[in-house]
Amino acid sequence: MASRKKRAAKISEDSEEEQSRRQRLQAILLADSFATKLLPLTLERPNVLLPLVNIPMIDYTLAWLESAGIEEVFVFCSMQVIDYLNNSDWYSHKDFTVKTIESPQNSTSAGDALRYIYEQQIETSQIQGDFVLVNGCIVSNMPLTQLIQEHRDRKKKDEKAIMTMVIRQSLITDHQLFIAVNPLTKQLLYYDEDNICFDKSLLDRNPSVLLCSDMQDCYIDICSLEVLSLFVDNFDYQHMRCDFVEGVLADDIIGYKIFTHEISSCYASRIENFRSYDMVSKDIIQRRTFPYVPDMKFSGNRTLKLERQGIYKASDATQLPSAHVGASYVIGHATNIGSGTKILNSVIGNGCSIGSNVVIQGSYIWNNVTVEDGCEIRNAIVCDEVKVCAGAIVKPGVVLSFKVVVGRDFVVPAYSQVSLLRQPMEEDSDEENLLSGVDLQMESKLGLDGAGYIWRQACEDEWKHSVPPIPKDKLAEIIKAIDDDDTDDESVVTTSGDANTSINNDLFDFEREVDGTFLRAVEENIVADLAVLEINSLRLSYNMESAHCAGAIFYSMMKLAVSTPHSSINDLYRNASSIITRWKGLLGFYVKKSDEQIEVISRLEEMCEESAHELGTLFAHILRYMYEEENDLLQEVAILRWSDEKAGADESDKVYLKQCEPFITWLKETSDDEDG
């Protein structure tokens, strides 16, 4: 009898496992962010339909879900998105089903959406069990099948484990996120997007806590059905994070739990404002999102050809020979580029007409845009069917919404948002009200024959959420704050992985980015101050110190000297000295302290070892050249400190110390004379 019960129990367990395996992998995609950070564009088009490197954002999300093993996705969206999907080929994919749930007019938040989906679930029971919950503006290439299974296995052991959040170490974010996790179980213990202020009892209840401030929330969640029912039970839950997540963590009565899953070798990011739009676009162009890149076929897109220096070009795009195109550039189908035009680090959409002697830098030009002769557009977003008349200037941070016309020779002020729709009243909160709002700016013309309203800036910190690099004065404030921080704070740690490996990988990526930035600066002959702004942005992105910047810049300078044609050692020295002279303003910004100067000397040693027969013979000459008064990049104190440290090294490590012994001796004698 006992053995029969055991067999029955085993059959029951096997049946559960088989049922779990048979359960379709499902996802809910919220194709409305319920936010206003992409206004005024989302007044006329849902954010998921905005082009990201010439492909609608939702196509990246659906393509990833399909390749990650999801079999059925429910898209909560407006009628405009439904029309787009109806005209796409998403409904014809084998083993991947897309179903739409039309958003009711009174749905104004993620909470409203999930409550509505729960009501539909009661009637249809379409969602069979655990599901993936994502926003429609996610770009990712991470696998999901194993993560879903891990969530299910955890749920079997602990029925209170209702959600798993995906996080990754952050590169650039426009807001601080503080989280605390259990290092063993990865359970989320604390979550706050503004500041850190948690009850000390958290530490009493958990003997081991990892507190992190360097994580990015990917807004990819593996959820159990209890998540939907909790939104119904708590009608005040509107936001997925500040309401639901923080509410679950604060509720110690029911005891539901949220866990985290950190990714490192794959990509996941959400577009939530214009700065993140710029960041993710750059990641796509630099192929970090592979296979979702412009030269790969996915979601029915028309592929582009990848050329040298990261240039993607459509086969039917035309560009006159006198036009200059820089690295990291995308040009769409049936687009024409006029003579003498200069395009750098920009994305040009389909069917565009770009006139002669135009400058476009760091900008996103969408489809069917006309830019007439002599215009200048820098770090801006220009939407479909916009016309920029001859001689107009579009300043950094500008967003020109659909069909706007910028008049001849008109200058659009920096950080302006321009739309054919009037700016709404401040109390309007949903897009239905926004469409009937009253303008606050009163300016309805953009120069001669212009059309559009310049919106008043919503806040003084518009630069935080815009496409351009951070302004120099703001960047100086941020860097000063970072330098003033206590870098030995042990409360800020990573959640997993080998810290040294992570640092080395970040340093490698950082130096590669600096090298690309420096070469672009050389190619475009930009001033040192602008190069400093770009490198400071990278410094913040990778959380690097000035010494890292100094070493990376100098390495790029010497690499350029070696790669520049030369027929003798003297030619190589002239290459190196001319590059140092030209870019001493850039390098000098980062070598104000002895440690930073010693880093430069160490990188010079490293490069001399790599090129012993050429650059290696010039170590002492280059060292002295950087010391000379007209350059003043290396100070006596730093050089003597380096020589003292080298004095105790092995003989094999003293090659370059011996090479510059006469110079070191002269420095010491000069120092003694001054002291005397």
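## A buried arginine and the sheets around it

Arg241 is buried, with a relative accessible area of 0%. That's a good spot to start in this predicted model. The residue belongs to helix H8, which covers residues 240-250. Its side chain makes a polar contact with the side chain of Asp217, at 2.5 Å. Setting aside neighbours within four places in sequence, Arg241 also touches a fair list of others, including Met163, Met165, Tyr191, Glu193 and Tyr219. Ile220, Asp221 and Glu246 are on that list as well.

### Strand E12, next to the arginine

So where does Asp217 sit? It's in strand E12, pointing one way along with Met215, Tyr219, Asp221 and Cys223. Gln216, Cys218, Ile220 and Ile222 point the other way, and every residue on both faces is buried. Put as a count, nine of the nine residues of E12 (215-223) are buried.

E12 has two strand partners worth a look. Strand E6 (residues 131-135) runs antiparallel to E12 and is joined to it by four bridges; within that pairing, Val134 has Ile220 as its bridge partner. Strand E8 (residues 161-169) also pairs with E12 in the antiparallel sense, this time over six bridges. There, Arg168 stands opposite Gln216.

### The nonpolar cores

Ile220 turns up again in the largest nonpolar core, which has 136 residues. Along with Phe244 and Leu400, Ile220 touches the most other members of that core. As for helices and strands that feed the core, helix H2 (residues 57-67) gives the most, with seven residues. The core also takes at least three residues from each of domain 1 (1-270) and domain 2 (322-423 + 444-470). Apart from this core lies another one, of 54 residues, with Leu538, Trp583, Leu623 and Leu634 among its members.

### Two open sheets

Now for the sheets. One is open and made of nine strands, in the order E15-E16-E19-E22-E25-E28-E31-E34-E35, with mixed pairing. Its edges are strand E15 (305-307) and strand E35 (453-455), each of which pairs on one side only. Inside that order, strand E16 (residues 311-313) and strand E19 (residues 329-331) are parallel, with three bridges between them. Ile311 has Tyr329 of E19 as its bridge partner.

The other open sheet has six strands, ordered E18-E21-E24-E27-E30-E33, and its pairing is parallel. E18 and strand E33 (411-412) are the edge strands, each pairing on one side only. Strand E21 (residues 342-344) and strand E24 (residues 359-361) run parallel and share three bridges, and Leu344 stands opposite Gln361 of E24.

Here are the strand pairs mentioned so far, side by side:

| Strand pair | Sense | Bridges |
|---|---|---|
| E6 and E12 | antiparallel | four bridges |
| E8 and E12 | antiparallel | six bridges |
| E16 and E19 | parallel | three bridges |
| E21 and E24 | parallel | three bridges |

### Val325 and Gly516

Is Val325, in edge strand E18, buried or exposed? Val325 sits in E18 (residues 324-325), and it counts as buried because its relative accessible area is 14%, under the 20% limit. Once neighbours within four places in sequence are left out, Val325 is in contact with Ile311, Gln319 and Ile343. Ile311 is the residue paired with Tyr329 in the nine-stranded sheet. The C-alpha atoms of Val325 and Ser346 are 9.4 Å apart, with their positions 21 residues apart along the chain.

Gly516 is another story. This glycine is found in helix H12 (residues 499-524). It counts as partly exposed because its relative accessibility is 22%, which falls between the 20% and 50% limits. Along the chain Gly516 and Ser328 are 188 residues apart, but their C-alpha atoms are separated by 9.9 Å.

### The chain as a whole

Zooming out, the chain has 21 helices and 35 strands. Of its 676 residues, 50% count as buried. The accessible surface comes to about 31,400 Å², and carbon and sulfur atoms account for 49% of it. How many of the contacts between residues at least 6 apart in sequence join residues at least 24 apart? The share is 59%.

How values were computed. Residues numbered from 1 in each chain as written. Predicted model: local features only at pLDDT ≥ 70, side-chain atom pairs only at ≥ 80, totals over all residues. Heavy atoms only, no water. Pairing = 2+ DSSP bridges. Buried < 20%, exposed > 50% of the residue type's maximum accessible area, 1.4 Å probe, protein only. Contact = heavy atoms within 4.5 Å. Areas by Shrake-Rupley, 256 points an atom, 1.4 Å probe, with all protein chains shown as cover. Core = buried A, V, L, I, M, F, W, Y, C linked by side-chain atoms within 4.5 Å. Domains from an automatic or database assignment. Polar contact = N/O pair within 3.5 Å; in protein donor to acceptor, adjacent residues only side chain to side chain.
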